[in-house]
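Work through the exercises below with the sequence and the model open. Each task is followed by a stepwise solution.

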Amino acid sequence: MGRKVIKRGKSKHSSSSTKKKTKKLSKETLKKTDCKIPKGIRVLIYYSIILSLFYLSLLFQSDMGVFFGFLITGIFAKTLNFIFFLLILVIIFGLIKKIKWTYYLTLSIYFLSLLSSFISILSWNEIQNSILSSLTIIIIPTIILSILINGLTFWYILTKKDYFFLKTVSLKETKEDKIFIYSINIFLLLTFIIIVGSMINFTVRITNTIDELMIKINNQSFTESLFYCDDLVDEDKDLCYVALVTKHSDENYISRICNKIESNFYKFTCYRAIE
């Protein structure tokens with residue numbers, strides 16, 4: 001009997017020690033979980049990094065932008081792109097560190113982007129005169145996809161408020177995570193295909209047009225070439241002026257030629273052609 005009692009005592013002691021070990025393990029697991037980021041948030045961080053690189057590239061490659069239905073150019077466009085670049089960097093840092101106020105900042109930025117894209121589509125007839133007709137096939141689909149992406153991101157952030165305000169968050173992939181991950185991958189792939197395909201088509205077409213124009217004005221005097229360009233219409237007219245300024249790069253001709261160009265894009269291209 002005594003041996004049985006001793007064995008029972010040992011079993012009670014072992015069960016209590018097992019419970020203590022389980023509690024310690026669960027606490028350690030929670031601490032490790034705090035350092036991890038749910039898959040959907042990680043995808044959002046990756047997307048934000050891509051977006052920040054996009055705005056960074058605009059600082060060096062573009063002097064124009066469409067914001068709330070207005071075509072902005074020059075230093076104002078570069079300044080606005082730089083501000084968005086910095087804000088997205090802050091968002092990325094906040095998402096990684098789970099900073100509470102990042103929740104409101106992220107919602108604000110993506111809501112403004114959504115609103116800007118939506119207004120730009122509605123007011124397209126007012127701004128298309130300042131944008132190349134050949135770029136319309138790139139810009140309009142890109143803006144539409146931007147509306148879808150920003151709307152999706154805004155909705156997803158709304159569903160992830162707990163990530164910013166709770167100490168521990170479940171790493172289990174939710175229905176919202178799956179919708180966001182699959183949808184944004186599809187939208188980004190479509191955006192990439194449209195932009196790359198359209199830019200290749202745009203570059204080939206513009207290059208061929210300028211080559212043809214250069215052949216026609218090559219043996220003409222400046223005055224004859226200018227009259228020839230004046231008789232053309234729409235985008236071909238602007239391209240002819242760009243070709244003309246590459247042939248006659250004297251400072252006396254530059255302002256006279258470039259000021260005739262209606263498109264802001266080609267006007268910048270005209271002045272850069274002689275730099």
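A residue is buried when its relative accessible area is under 20%. By that cut-off, buried residues make up 37% of the chain's 275 residues. The model is a predicted one.

**Exercise 1. Overall layout**

Task: State how many helices and strands the chain has, and place the strands in the order of elements.

Solution:
- Count the elements: the chain has twelve helices and two strands.
- Read from the N terminus: the order is α-α-β-β-α-α-α-α-α-α-α-α-α-α.
- Now take contacts between residues at least 6 apart in sequence: 69% of them join residues at least 24 apart.

**Exercise 2. The largest nonpolar core**

Task: Find which elements give two or more residues to the largest nonpolar core, and which gives the largest share.

Solution:
- Start with the members: the core has 33 residues, and Leu 44, Tyr 47, Tyr 55, Phe 180 and Ile 184 touch the most other members.
- List the elements that give two or more residues: H2 (39-61), H3 (74-97), H4 (100-122), H6 (136-159), H7 (161-165) and H8.
- Pick the main contributor: H2 supplies the largest share, eight residues.
- Look at one member: leaving out residues up to four places away in sequence, Tyr 55 touches Asn 81, Phe 84, Phe 85 and Ile 88.
- Add the other core: a second, separate one of 19 residues includes Ile 217, Cys 229, Ala 243 and Ile 261.

**Exercise 3. Helices H8 and H10**

Task: Describe how H8 packs on H10 and which residues make the contact.

Solution:
- Take the geometry: H8 (residues 175-217) and H10 (residues 234-247) pack at about 60 degrees, with axes 9 Å apart.
- Classify the angle: roughly parallel needs under 35 degrees, and roughly perpendicular runs from 65 to 115. The pair is therefore oblique.
- Give the hand: the crossing of H8 and H10 is right-handed.
- Name the contact residues: H8 uses Phe 202, Arg 205, Ile 206, Thr 209, Ile 210, Leu 213, Met 214 and Ile 217. H10 uses Glu 235, Asp 236, Leu 239, Cys 240, Ala 243, Leu 244, Thr 246 and Lys 247.
- Sort them by class: ten are nonpolar, two polar and four charged.

**Exercise 4. Asp 162**

Task: Is Asp 162 buried, partly exposed or exposed?

Solution:
- Locate the residue: Asp 162 lies in helix H7.
- Apply the cut-offs: exposed means over 50%, and partly exposed lies between that and the buried limit. Asp 162 has 49% relative accessibility, so the residue counts as partly exposed.
- Check a distance: the C-alpha atoms of Asp 162 and Tyr 103 are 9.8 Å apart, with their positions 59 residues apart along the chain.

Conventions
Residues are numbered from 1 along each chain as its sequence is written. This is a predicted model: local features need pLDDT of at least 70, side-chain atom pairs count only at pLDDT 80 or more; totals for chains, interfaces and linings use all residues. Side-chain values use heavy atoms; hydrogens and water are left out. Axes are lines fitted to C-alpha atoms, for helices over the stretch in contact, and angles run from 0 to 180 degrees between N-to-C directions. Helices (H or I, at least four residues) and strands (E, at least two) are DSSP runs, numbered from the N terminus. Angles under 35 degrees count as roughly parallel, over 145 as roughly antiparallel, 65 to 115 as roughly perpendicular and the rest as oblique. A crossing is left-handed if the near helix is turned anticlockwise from the far one by less than a right angle, and right-handed if clockwise. Contact means heavy atoms within 4.5 Å. Ala, Val, Leu, Ile, Met, Phe, Trp, Tyr, Cys and Pro count as nonpolar, Asp, Glu, Lys and Arg as charged, and the others, Gly among them, as polar. A nonpolar core is a set of buried Ala, Val, Leu, Ile, Met, Phe, Trp, Tyr and Cys residues joined through side-chain atoms within 4.5 Å. Buried means under 20% relative accessible area, exposed over 50%, partly exposed in between (1.4 Å probe, protein chains only).
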